[in-house]
Amino acid sequence: MKPRAAWPVLAKKAKEKCEEAQAEVNKARDRITHLVQSRERMQLLYADYVTRSKAAESRPHSMAETLNFRAFMQQLQALIARVNLDLNEAKHAFELTRLKLKAAEQKRIQMETLVEQDMKAVRDFHRKREQKEMDAAGITLYNLKH
């Protein structure tokens, strides 16, 4: 009896799926990190422009300058809101890829278990066959002596 050739192939494919899923999880995690950093930069820029706007109000300035500050701050707020939406989507995508990785890991473990069970069945078969041969040889030797 030989081990089945299919189980190791399926186990290898399951391992490859796990590696692909892990790469997707890493990519999704990197996207979240990038979006968080972008949001932080925009929030710092917004805070800087609020400070500049207040400083501009303390000195004589034109209405156009005030409108420019406000328009730019509104654009920054819109960008921050957009990044927040993208961040929520990225977090959702991360959770989905994490679940996909978990399923792939379960499949890999299942395939590795089947490979191990098949190898155990082959070892047991050969062990039993050898035992039968040894028993048969012992009976034959016993019969020859008596």
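This passage walks through the overall build of a predicted model and then turns to one residue, Asp 86.

Start with the fold as a whole. The protein chain is made of two helices, with zero strands. Its radius of gyration comes out at 34 Å, whereas the globule rule gives 15 Å for 146 residues, so the chain is more spread out than a compact globule. The box filled by its C-alpha atoms tells a similar story: along the principal axes it runs to roughly 125 × 20 × 15 Å.

As for what is tucked away, 21% of the 146 residues count as buried. The accessible surface adds up to about 11,200 Å², and carbon and sulfur atoms account for 58% of that. Contacts reach across the sequence, too: taking those between residues at least 6 apart, 88% join residues at least 24 apart. On the charge side, the chain carries 29 positive and 20 negative charges, and the mean positions of the two sets sit 2 Å from each other.

Now for Asp 86, which is found in helix 2, the stretch covering residues 63-145. Is this residue buried or exposed? Its relative accessible area is 15%, and because the cut-off for buried is under 20%, Asp 86 counts as buried. What does Asp 86 touch, leaving aside its neighbours within four places in sequence? The partners are Arg 31 and Leu 35.

How values were computed: Residues are numbered from 1 along each chain as its sequence is written. This is a predicted model: local features need pLDDT of at least 70, side-chain atom pairs count only at pLDDT 80 or more; totals for chains, interfaces and linings use all residues. Side-chain values use heavy atoms; hydrogens and water are left out. Helices (H or I, at least four residues) and strands (E, at least two) are DSSP runs, numbered from the N terminus. Buried means under 20% relative accessible area, exposed over 50%, partly exposed in between (1.4 Å probe, protein chains only). Contact means heavy atoms within 4.5 Å. The radius of gyration is taken over C-alpha atoms; the globule rule is 2.2 Å times the number of residues to the power 0.38. Accessible areas come from the Shrake-Rupley method with a 1.4 Å probe; for residues, only the protein chains shown count as cover. Lys and Arg count as positive and Asp and Glu as negative; His and the chain ends are not counted. The place of a charge is taken as NZ of Lys, CZ of Arg, CG of Asp or CD of Glu.
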